[in-house]
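Dear colleague,

I am handing over the structure below, together with an account of what was found in it. Please read the notes with the structure open beside them.

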Amino acid sequence: MLGGSPSLREILFSVRNLSKTFPGTGYNEGGFRALSGLNLNIFAGECLLVAGSNGSGKTVFMKILAALMDLSGGEVLFRGLPLEKAVPRLRRELGLVFQDADAQIIGETVVEDVAFGPKNLGASGSTLEERVNRALESMGLSAKRDFSSRDLSGGEKRRLAVAGILAMGCEIIILDEPFANLDYFGVIQVLELIRDQKKQGKTLIVLTHELEKVLAFADRLLILDRGILRDDGKPEEVLDRLLPEYGIRDPRQSYRSAGDCTWLPV
Ligand SMILES: Nc1ncnc2c1ncn2[C@@H]1O[C@H](COP(=O)(O)OP(=O)(O)OP(=O)(O)O)[C@@H](O)[C@H]1O
Ligand SMILES: [Mg+2]
């Protein structure tokens, strides 16, 4: 890549026959298959939406991409390297917002929490301060900067997690159920983040079943159902093929087209 915006066809993640099985009693023989035979590439600069009902494997998939969970079969390459060899680069380039906002809090205060990531990446002095302030501002947390992180409300904790990855300036952002717990303004702020990061050429992977909030920004829609990748393609086409058993509501029931499916004008 020669400067400028990244080519859409540059492969970031290459997922081949990926499976994840959890051992344990109470499961079927051979354990419980949370993911079965997933095959896909994830390209630089795309906004990928992963939809699926509760327990379909979205979070497990995210954890494996982020090298936070081992896989049971197949392989995942990051920029052509097996994940285990790519971990240092992955840690620099990938920002995650977990489904469980509490699990992500590191800093004692709001400002310390947001500063943690960029500090780790080597930012300091006025650069660090500026990045942290901008991230707090854009997530509406400036007034709470000196609050104890643990004392924030559920929605504020989620905003805090988003502010943290904004401040890091990651190339790739994975958001796991980013709208859960958020009020109207919180949803708008996350959508603005998605829109702005996308404009900057960042790669976004959004895991959600709340398609109506964000579909307009998606270049591609994946449907996970009981650990199987049922569909992968342009949002409008995937929705046309949607089967009721996937447990996903077609948001076009309330909107005229996939391009209308957001609370934020595009
Ligand atoms: N550590 C684990 N041990 C055993 N089973 C697990 C573990 N983690 C996840 N699972 C199982 O794997 C399946 C997929 O879980 P996952 O968290 O990926 O679902 P999800 O699609 O993110 O659901 P939700 O919409 O509720 O967030 C679930 O049935 C879950 O019980
Ligand atoms: Mg989940």
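A polar contact is a pair of N or O atoms within 3.5 Å. Please also bear in mind that this is a predicted model.

With that cut-off, ligand 1 makes several contacts with the protein backbone. A polar backbone atom of serine 56 is 3.1 Å from an oxygen atom of ligand 1, so the pair falls within 3.5 Å and counts as a polar contact. For glycine 57, a backbone N or O atom lies 3.0 Å from an oxygen atom of the ligand. Valine 60 likewise places a backbone N or O atom 2.9 Å from an oxygen atom of ligand 1. On its own, ligand 1 has 630 Å² of accessible area, and the protein covers 67% of this.

The surroundings of ligand 1 can be described further. Around this ligand there are 15 residues, of which Gly55, Lys58, Thr59, Val60 and Gln99 come nearest. By character, the shell divides into eight polar, five nonpolar and two charged residues. Both β2 (32-43) and α1 supply at least two residues of the shell. The greatest share comes from α1, which gives three residues.

Which residues coordinate the magnesium ion (ligand 2)? They are Thr59, through OG1, and Gln99, through OE1, at 2.0 to 2.2 Å. Threonine 59 belongs to helix α1 (residues 58-65), whereas glutamine 99 sits in the loop between β6 (94-97) and α3 (110-120); the pair therefore ties together parts that are 40 residues apart in sequence. Thr59 and Gln99 are also among the residues that come nearest to ligand 1.

Are these two residues buried, exposed or in between? Threonine 59 has a relative accessibility of 22% and so counts as partly exposed. Glutamine 99, with a relative accessible area of 39%, is partly exposed. The range in question runs from 20% to 50%.

Finally, I turn to the strands. Four of them form an open sheet in the order β2-β1-β4-β5, with antiparallel pairing. At its edges are β2 and β5 (81-82), each of which pairs on one side only. Strand β1 (residues 11-22) runs antiparallel to strand β4 (residues 73-78), and five bridges join the two. Serine 19 stands opposite glycine 73 in β4. The edge strand β2 also supplies at least two residues of the shell around ligand 1.

With kind regards

Key: Residues are numbered from 1 along each chain as its sequence is written. Chains are lettered from A and ligands numbered from 1 in the order in which they are written. This is a predicted model: local features need pLDDT of at least 70, side-chain atom pairs count only at pLDDT 80 or more; totals for chains, interfaces and linings use all residues. Side-chain values use heavy atoms; hydrogens and water are left out. Donors are N, O and S atoms within 2.8 Å of the metal (3.2 Å for Na, K and Ca); water is not among the atoms, so sites may look incomplete. Helices (H or I, at least four residues) and strands (E, at least two) are DSSP runs, numbered from the N terminus. Buried means under 20% relative accessible area, exposed over 50%, partly exposed in between (1.4 Å probe, protein chains only). A residue is near a molecule or strand if one of its heavy atoms lies within 4 Å of it. A polar contact is a pair of N or O atoms within 3.5 Å; within protein, one must be able to donate a hydrogen and the other to accept it, and residues adjacent in sequence count only if both atoms are side-chain atoms. Accessible areas come from the Shrake-Rupley method with a 1.4 Å probe; for residues, only the protein chains shown count as cover. Ala, Val, Leu, Ile, Met, Phe, Trp, Tyr, Cys and Pro count as nonpolar, Asp, Glu, Lys and Arg as charged, and the others, Gly among them, as polar. Two strands pair if DSSP finds at least two bridges between them.
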